[in-house]
Amino acid sequence: MPAPKFEPKVIFITGCSSGFGLRTAVRLAKSGHHVIATMRDLNRSGTLTDEIRNANKHVDLFKMDVTDKRIIKEVVRAVAAKYGYIDVLINNAGFGLGGFFEDLADEEIRNQMETNFFGVQNVTREVIPCMRQRRSGKIINISSIAGLSASPSFSAYNASKWALEGFSESLRYEMKIWGIDVVLIEPGTYKTKIFYENARYGKNFTNADSPYFTISSFLAKKVKTYVDGCDKNLEDIPKLIEKIINSKKPPFRNIPDIETRILYGLRKILPFRLYSFLIYKTLFSGFQLPK
Ligand SMILES: NC(=O)c1ccc[n+]([C@@H]2O[C@H](COP(=O)([O-])OP(=O)(O)OC[C@H]3O[C@@H](n4cnc5c(N)ncnc54)[C@H](OP(=O)(O)O)[C@@H]3O)[C@@H](O)[C@H]2O)c1
């Protein structure tokens, strides 16, 4: 049987300057799709443009911050003018705010929600009409295992991804009537800039007078050791995204890595008291509050 004819799709991605967004833009452009790669600072587009040029491919590059509704409108309008429609939206842009709740300022928590949650809504709101007209499309939201299982010192990030999970589940029903699919990806830990250059911390995270200073420092060291040793392949994410794009009926929840699938499996089957005891023991073992 002849292979099905390849049909390039118009794919809109947020946060393409590094990590999952960058790798996904490169992979999908190399596969022959029309990739609209957006990022909030075009000075960070070097790796993407180099890789695309070396592969003799093309991407449409736009400066776009997901918290700026005016710019989003302009970019989506420009894409609609060029292509007439959008097949796939990948809401990837995000960052992680670290710190115990009492060490975080209201403003910092709101900023976390502005990007990871409202940012997704801002872009999705503008893109939906470009899909609804044709009664087809896929919205792929990059959530996290942090949207399914919480951990201390990440309450703001957990809340933003938990909100994204609920929003996506509801939107999936709403979009079904138009033939638009809504899908979530929930990766575990991958070594990207989110844990390094792009990591953000609450204003009292490094304040030695904070009652959480010793435990925050203890956990930060533990997380760093874990992330430094993480060798999961970043390509897992673009590969999974491509599979979802090519699939007629992709699953709603998609956890790329086995380690995280096991963790989520435990979360589902164990009584919560036991599950949270294991999380607590794993994260806090070796810590003692100073007298
Ligand atoms: N790495 C992991 O372990 C992991 C696990 C689960 C989920 N995730 C999720 O995966 C997504 C990508 O993260 P990553 O790991 O690839 O980290 P990353 O390398 O730090 O990439 C994050 C991207 O988001 C962009 N971004 C941040 N705020 C933005 C805004 N307001 N407007 C537009 N772009 C913005 C960043 O742009 P700048 O360069 O301008 O900062 C960067 O391009 C995030 O949603 C993250 O929560 C990551």
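In this predicted model, strand 4 (residues 88–91) and strand 6 (residues 137–142) run parallel and are joined by four bridges. Within this pairing, Asn91 sits opposite Asn141 of strand 6. Strand 6 also runs parallel to strand 7, and here six bridges make the connection. One residue pair to look for on screen is Ile139 with its bridge partner in strand 7, Val182. Strands of a sheet pair through backbone hydrogen bonds, in either a parallel or an antiparallel manner. These pairings belong to an open sheet of seven strands, which has parallel pairing and the order 3-2-1-4-6-7-9. Strand 3 (59–63) and strand 9 (253–254) form its edges, each pairing on one side only.

Helices pack against this sheet. Helix 3 (residues 69–83) touches strand 1 (10–13), strand 2 (34–39) and strand 3, and its direction makes about 165° with that of strand 2. Helix 4 lies across strand 1, strand 4, strand 6 and strand 7 (180–185), and runs at about 175° to strand 4.

Strand 7 deserves a closer look, as six of its six residues are buried. In a regular strand, side chains alternate between the two faces of the sheet. Both faces are covered in strand 7: one side carries Ile180, Val182 and Leu184, the other carries Asp181, Val183 and Ile185, and all are buried.

Turning to the interior, the largest nonpolar core comprises 49 residues, and Phe12 and Ala25 are those with the most contacts inside it. A second core, separate from the largest, has nine residues, among them Leu104, Ile145, Phe154 and Ala159. Leaving aside residues up to four places away in sequence, Phe12 touches Ile36, Val79, Ile86, Val88, Leu89, Ile90 and Val127.

The ligand is surrounded by 29 residues, of which Gly15, Gly19, Ala93, Gly94 and Thr192 are the closest. Two elements, helix 1 (19–30) and helix 4 (106–132), give two or more residues to this shell. Helix 1 supplies the largest share, three residues. By class, the shell holds 15 polar, nine nonpolar and five charged residues.

Two loop residues other than glycine have positive phi values. For Arg135, phi is near 55°, and this residue is found in the loop between helix 4 and strand 6. Arg135 counts as exposed because it has 10 C-beta neighbours inside 10 Å, and the cut-off for exposure is 12 or fewer. For Ser153, phi is near 75°, and its place is the loop between strand 6 and helix 5 (155–176). Ser153 has 26 other C-beta atoms within 10 Å and is therefore buried, since burial requires 20 or more.

Helix 5 itself includes Lys161. Although its side chain is charged by class, Lys161 counts as buried because it has 26 C-beta neighbours inside 10 Å. Apart from residues up to four places away in sequence, Lys161 touches Asn116, Ser143, Ser144, Ala146 and Gly147. Glu197 lies 36 residues from Lys161 in sequence, and their C-alpha atoms are 21 Å apart in space.

Conventions:
Residues numbered from 1 in each chain as written. Predicted model: local features only at pLDDT ≥ 70, side-chain atom pairs only at ≥ 80, totals over all residues. Core = buried A, V, L, I, M, F, W, Y, C linked by C-beta atoms within 7 Å. Contact = placed C-beta atoms within 7 Å. Near = placed C-beta within 6 Å. Pairing = 2+ DSSP bridges. Axes fitted to C-alpha atoms, helices over the stretch in contact; angles between N-to-C directions.
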